[in-house]
Amino acid sequence: MPKPKPQLAVIIPYYQRQAGLLRAAVASVLTQVGPFLVTVLVVDDSSPHPADAELDAAWLKSGQVHLLRQANAGPSAARNHGLDKLPAGTEYVAFLDSDDCWTDSFSTDAHAAFSAGADLFFADTTRFSEEQSRFHWANDSRYRLTSQGHTPIDTNDANDAVFLFKGDFLDFLIQRSNVISPAFAYRLGCAPTLRFNRALTYGEDRLFKLTLVRHCQRIAFSTRIGCIEGPGVNIFDVVNPGSGRALRLASDYVHLNRLLLASMPLPAPQQARLRQELARCRREWLFNALHALKLRTPELAASLWLTLARDPWLPLAVLRDWLRRPAT
């Protein structure tokens, strides 16, 4: 009797105005020739372009694709909704953004990693606006990810590309986040109750990943491109100084780094790195607040109260760092 396929659930939060993106994302999962029993959960976050128009009736009828709906609450709430509705027997969970697509190798490489005992798997990705793949974005060569120094997993493939990560993966993620949500999957049993923080509009996926990694013993990755990132809305590409979006982005990243420092027992070097990032985000928020004041951005007052509620010491911390700056 053949061994039953392991169950993989893929959660896709959906909010788009452009037709065709969701259909391509779902198709990239369903056409995977792999060893998983796959279920796709599309969570329609009150999208202007409804998910119904993107999903084939045959997909829904087959039970492979489930359409969930919610009042607009953002991607964190949508992913949490999907996590709360996972089918019974789900062993592995993956996330895919509605404008991204998996390549043919993603599920086979993920299966090889999990078969070798990995708790978390991730793959390299490409983005339309970048010449190099995400594993090679870092300016510091120590945080570019290659196969060197890691343990290969035998996949019976002439182009073996799956490796067990050797080293401190939490430190790697803190120093350089090369792992994006649409290109990773994890063993649900490692953190069955973990959810995304709904207080964060930005940075919620980084908090989720860093929290998840603390529950994972073995990490594996593929040097193959497992996901193609669509144009979508890249938060760092479209933020204008002093805009409401820029204020919220900086405020959320201040909050994110304070949460990480408060919730994670970390060695001194990792704490120092997060404090450096916190200081940078504080300066970024102040920079945008000054621009917003000149522009009379209507969101400034709300951002001021939110940010000071999250970080009452922000003004004094920025002043302290300014006074400590090296003399030029």
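User: Which residue forms a salt bridge with R224, and how far apart are the closest N and O atoms?

Analyst: Happy to start there, bearing in mind that this is a predicted model. R224 belongs to strand β10 (residues 219-229), and its partner sits in helix α4 (residues 106-115), 115 residues apart in the chain. The partner is D109, with the closest N and O atoms 2.7 Å apart.

User: Is D109 buried or exposed?

Analyst: The cut-off to use here is that buried means under 20% relative accessible area. R224, at 22%, is partly exposed. D109 has a relative accessibility of 3%, so D109 counts as buried.

User: How many salt bridges does the structure hold?

Analyst: Good thing to ask after seeing one of them. R224 with D109 is one pair, and D97 with R79 is another, at 3.4 Å from N to O. The total for the structure is 14.

User: Why does the pair of D97 and R79 tie together parts of the chain, and how many residues apart are they in sequence?

Analyst: The side chains of D97 and R79 meet in a salt bridge. D97 lies in the loop between β4 (92-95) and β5 (101-102), while R79 is in helix α3 (residues 75-84), so the contact bridges two separate elements. Their separation in sequence is 18 residues.

User: Which of the two, D97 or R79, is buried?

Analyst: Let's compare each one with the 20% limit for buried residues. D97 has a relative accessible area of 24%, so D97 is partly exposed. The other partner has 5%, which means the buried one is R79.

User: Over the face of which residue does R79 lie?

Analyst: This adds a second role for the arginine that pairs with D97 in a salt bridge. R79 is 5.0 Å from the ring centre, and a charge over a ring has to be within 6 Å of that centre. The ring belongs to F196.

User: What is the N to O distance between D311 and R258, and where do the two residues lie?

Analyst: D311 is in the loop between α9 and α10, and R258 is in helix α7, 53 residues apart. D311 has a relative accessible area of 0% and is therefore buried, whereas R258, at 28%, counts as partly exposed. Their side chains meet in a salt bridge with an N to O distance of 3.1 Å.

User: Which residues are joined into one network by salt bridges that share partners?

Analyst: D97 and R79 have already appeared as a salt-bridge pair. Shared partners extend this pair into a network that also includes a glutamate. The members are R79, D97 and E204.

User: How many aromatic pairs does the structure hold, and what kind of pair do F122 and F135 form?

Analyst: The structure has 20 aromatic pairs. For F122 and F135, the rings are 5.8 Å centre to centre with 70 degrees between the planes. An angle over 60 degrees counts as edge-to-face, so the label for this pair is edge-to-face.

User: Where do F122 and F135 lie, and are F122 and F135 buried or exposed?

Analyst: F122 is in strand β6 (residues 120-127), and F135 is in the loop between β6 and β7 (151-152), 13 residues apart. F122 has a relative accessibility of 0% and so counts as buried. F135, with a relative accessible area of 1%, is likewise buried.

User: Which elements hold Y186 and F208, and how many residues apart are they?

Analyst: Y186 and F208 form an edge-to-face pair, 6.0 Å centre to centre with 65 degrees between the planes. Y186 is buried at 0% relative accessibility, and F208 is buried with a relative accessible area of 2%. Y186 is in strand β9 (residues 184-187) and F208 in helix α6 (residues 204-213), 22 residues apart.

User: Against which helices do the buried residues of α8 pack?

Analyst: Helix α8 (residues 268-295) has 28 residues and reaches 40 Å from its first C-alpha to its last, close to the 40 Å expected. Its buried residues include L274, L278, W285 and A292. They pack against α5 (169-175), α7 (244-263), α9 (300-310) and α10 (314-323).

User: Which residues does S47 touch, leaving out those up to four places away in sequence?

Analyst: S47 is found in the loop between β2 (37-44) and α2 (57-62). With 9% relative accessibility, S47 counts as buried. The residues in contact are Y14, Y15 and Q16.

Key:
Residues are numbered from 1 along each chain as its sequence is written. This is a predicted model: local features need pLDDT of at least 70, side-chain atom pairs count only at pLDDT 80 or more; totals for chains, interfaces and linings use all residues. Side-chain values use heavy atoms; hydrogens and water are left out. Helices (H or I, at least four residues) and strands (E, at least two) are DSSP runs, numbered from the N terminus. Buried means under 20% relative accessible area, exposed over 50%, partly exposed in between (1.4 Å probe, protein chains only). Contact means heavy atoms within 4.5 Å. The expected span of a helix is 1.5 Å times one less than its number of residues. Rings of Phe, Tyr and Trp (its six-membered ring) pair if their centres lie within 6.5 Å; planes under 30 degrees apart count as stacked, over 60 as edge-to-face and the rest as tilted. A charge sits over a ring if NZ of Lys or CZ of Arg is within 6 Å of the ring centre and within 35 degrees of the ring normal. A salt bridge is a side-chain nitrogen of Lys or Arg within 4 Å of a carboxyl oxygen of Asp or Glu.
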